Amino acid sequence: MEKSKFSFNELPRRTLNLLKSQGAFKTYSSIICILISLIIGLIFLISMDPANAFPEFGNMITGGLSFGGVNFFAIMAKTAPLLCAGLSIVFANKTGMFNIGVAGQYTIGILGSLMFAIQFKCPWYVCILMAMVFGAIWAAIPGLLKAFCNVSEVISGIMLNWIALFFTNYSFQTYLNSCVDITQGSKTYDLMMVNPSARLPDFGLSNATGGYFTISIFIALIAAILVWFIMSKTTLGFQLKASGLNKDATKYAGIKEKRNIIISMAISGALAALGASLYYLAGLEEWSVQASTSLPQVPWNGIVVAFVGQLSPIGTIFASIFTTLISHGSRFMLQTSFPAEIGDFITGLIVYLSGLTNLAVILVNKYLAKRKERQAEFALVSAGGGETSLNNESVINNETEEIKNEKVVDENLNNIDETNKENNEEGGNN
Amino acid sequence: MGDQFLLLLSYMLIFAVALMFVALGGMFSERSGVINIGLEGIMVVGGFAGLLTLNALSEAGCPGFITVIVTILVAILAGMAYSLLLAVVCIQFGADQTLTGTALNLLATAISLIFTKRLSGGVSTSINFSHDLFVFKIGNSFSFNIFLFIGIAALIISFIVLYKLRFGLRLRACGENPAAADSVGINVKKYRYAGVLISGALGGLGALAYILPTASFWNSSTGVAGFGFLALAIMIFGQWKPIRIGVISLLFSFFLSLSYVYSGLFESIFGFTLTAENGVTSELFRMLPFIASLILLAFTSKKSRAPKAEGIPYDKSRR
């Protein structure tokens, strides 16, 4: 009986190229990261309570979908802010900035949206817009400091995170204290009670979906597509990416790199604040002044999804859905044995490992390059040792091979010197 | 009035010592060329391990002296073990130091929450403990703790290690110009490991110095309330120099202590209370050190004395 065998190399050429492209390697490494993290998470669960580990693990990775359709809408509602936070990181990263200040911009976004929703009784779109303006201004500070004072955006971002948290709490304690309901444990008022127009539209589906359905997920998806569009189809995006790749070259080409840094940070901050308003204007939670002694978790998870999504807007969409699935699902585990923070533990692990994904890509590339080199060398040797320059590494690696021609050796030494010089210059520019 | 000042002073000493430990830790790490954003997470893990040990030992009825020493040692070891996570991926594999540090912070909070919840059967996120062994009270309002002495010793030792010993010179060389250090036969990776491990040890110690004297319970969802990040600010303010870091820690802890005692202090001096209606809350004072360091950064960053090679993984083949 004839059996059709599957062979990898018989796939159509375009499919093969796609599967072997750089982007595909990145996707593989993300997936491997996620799998390793899940396995470690599972081992963690088994070590805590072996009897219940497997079914509860299942509950977690399905996001509790077996507990009713409401969870689907809950996951969508929680994905939206996370996606925006992730996009914020992605956008800044394209300009070569690590926007660790996303937590502060998110917190300021909370302040902006709740201030205009509860204090000034504005409709939802005004609240979102104002939150984005707040976030943009807040993020422009590290941008300005980076552009004009050469302050690392990581350090100033960290400072601004905590300033934002204390400032938000300070605001709700003093000049915005009418927004806070003292009787409810000093949380801000429920939007439905004080200003229903500030709640995101739900087309009357709110009750059917447990209060979770709003248009937030659509806004977030539009934001993702917009980010993709700006990055890959507009002049602004090209300029931003260029100054991320080589600051000096872009300056030479006449692109205003200082302006670009500030714009990129401002847009990034606006995205983070958009995420905050999508969370708080959807009525998922109220800001608690007393309990907010540390920064909110969502923007930190934004860093996770951005890196798991390999810093692409589309990848971030899938990564944020997956992360929300886990963190939502972890609430459905048996809480006496498995606290809900196991979800956070796994996402933390993913981002820890994703620091290593680039390493995997580099290693694979190095291996491929070395193989190619060896083949070239082989061809060279069999051709009788022509005067072609071998590079630095192959000389070191092939100490056993005798190179007969002294002229070649001299040339190689010169080459090594030159590459060294180049490297030093590169290092100096960095 | 005198009482209020003594209270302020004792708070200041607590916070200054704790912040100084962590800032010195950050200094060692950055001087060797590794940015340690994960200090906050290292503190959480170190402090958590220390507290568990303290509770276990006091339940077992261990003598006080041994309890104190073992608790401190466990916190130091836990901090070092956790910082090893950063060291291995950043030094050995050249991963992004900022990203890994952030991951450590996320993981630390999750781990400490999971274990505190497990210990209490999924109900509470806080641990109770007794700090009588560590804190000495004099009179009604002044108290000091054992970490004060350790802190002064640590400051002096740090200074000597960094500037007077061969180890310190080599460590600084690895942070300034690892290629040059390597060319004269210094093992850059080894010194960077040492830098990160020292920061882990001091981070764990600093966490105990912060958690133990201030309260009789620790809430793991609060963690260490941004102390690791504040310590980073102090380190930058202090321009990566031990003595300056010691002085700046005192200054920062003054603001921080004010956020706890401002109302009583103000009342005893001027005779009326500051409340939220006057526009003053404790958050205002907690904001000040961060704002101050941001402004300072803006003015001094151009002539900053930051280690030149910090944040750049050392790759021998690119020398």
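Modeller: A salt bridge here is a side-chain nitrogen of Lys or Arg within 4 Å of a carboxyl oxygen of Asp or Glu. This is a predicted model, in which local features need pLDDT of at least 70, side-chain atom pairs count only at pLDDT 80 or more, and totals for chains, interfaces and linings use all residues. Residues are numbered from 1 along each chain as its sequence is written, chains are lettered from A and ligands numbered from 1 in the order in which they are written, and side-chain values use heavy atoms, with hydrogens and water left out.

Colleague: How many salt bridges are there over all chains?

Modeller: Side chains of opposite charge can pair when their charged atoms come close. By the rule just stated, the count over all chains is three.

Colleague: Which residue forms a salt bridge with A:Glu153?

Modeller: A:Glu153 is buried, at 7% relative accessibility; buried means under 20% relative accessible area, exposed over 50%, and partly exposed in between (1.4 Å probe, protein chains only). The partner has a relative accessible area of 24%, so A:Lys146 is partly exposed. The closest N and O atoms are 3.1 Å apart, and the partner is A:Lys146.

Colleague: Is B:Lys117 buried or exposed?

Modeller: The side chain of B:Lys117 meets that of A:Glu341 in a salt bridge, 3.1 Å from N to O. This pair crosses between chains: B:Lys117 is in helix H4 (residues 97-119) of chain B, and A:Glu341 is in the loop between helix H14 (313-329) and helix H15 (342-354) of chain A. Helices (H or I, at least four residues) and strands (E, at least two) are DSSP runs, numbered from the N terminus. The relative accessible area of B:Lys117 is 15%, so the residue is buried.

Colleague: What relative accessibility does A:Glu341 have?

Modeller: A:Glu341 is the chain A side of the pair with B:Lys117. This glutamate counts as buried because its relative accessibility is 12%.

Colleague: Which side chain meets A:Asp202 in a salt bridge?

Modeller: A:Asp202 counts as buried, at 16% relative accessibility. Its partner is at 9% relative accessibility, so A:Arg199 counts as buried too. The N to O distance is 3.0 Å, and the partner is A:Arg199.

Colleague: Which residue of chain B is in the patch of positive charge on the surface?

Modeller: Patches are made of residues with over 30% relative accessible area and no salt bridge; like charges are joined within 9 Å, nonpolar side chains (Val, Leu, Ile, Met, Phe, Trp, Tyr) within 5 Å. Lys and Arg count as positive and Asp and Glu as negative, with His and the chain ends not counted; the charge is placed at NZ of Lys, CZ of Arg, CG of Asp or CD of Glu. B:Lys302 counts as exposed because its relative accessibility is 65%. A:Lys247, A:Lys251 and A:Lys258 gather there with B:Lys302.

Colleague: Which helix gives the largest share of the nonpolar patch?

Modeller: A:Leu19, A:Tyr28, A:Ile32, A:Ile36 and A:Ile40 make a nonpolar surface patch of about 380 Å²; areas come from the Shrake-Rupley method with a 1.4 Å probe, and for residues only the protein chains shown count as cover. A:Ile36 is partly exposed, with a relative accessible area of 37%. Four residues of the patch come from one helix of chain A, residues 22-48, which is H2.

Colleague: Where is B:Trp240, which has a positive phi?

Modeller: B:Trp240 is not a glycine, yet its phi is about 60°. It counts as buried because its relative accessibility is 4%. Its place in chain B is the loop between helix H9 (227-237) and helix H10 (242-270).

Colleague: What positive phi does A:Leu311 have?

Modeller: A:Leu311 lies in the loop between helix H13 (297-308) and H14 of chain A. The residue is not a glycine, but its phi is about 55°.

Colleague: How far apart in space are A:Leu334 and A:Glu377?

Modeller: A:Leu334 sits in the loop between H14 and H15 of chain A. Its relative accessible area is 35%, so A:Leu334 is partly exposed. The two residues are 43 apart in sequence, and C-alpha to C-alpha they are separated by 61 Å.

Colleague: What is the radius of gyration of chain B?

Modeller: Chain B has eleven helices and four strands. The globule rule (2.2 Å times the number of residues to the power 0.38, with the radius taken over C-alpha atoms) gives 20 Å for 319 residues, so chain B is as compact as a globular protein of that length. Its radius of gyration is 20 Å.
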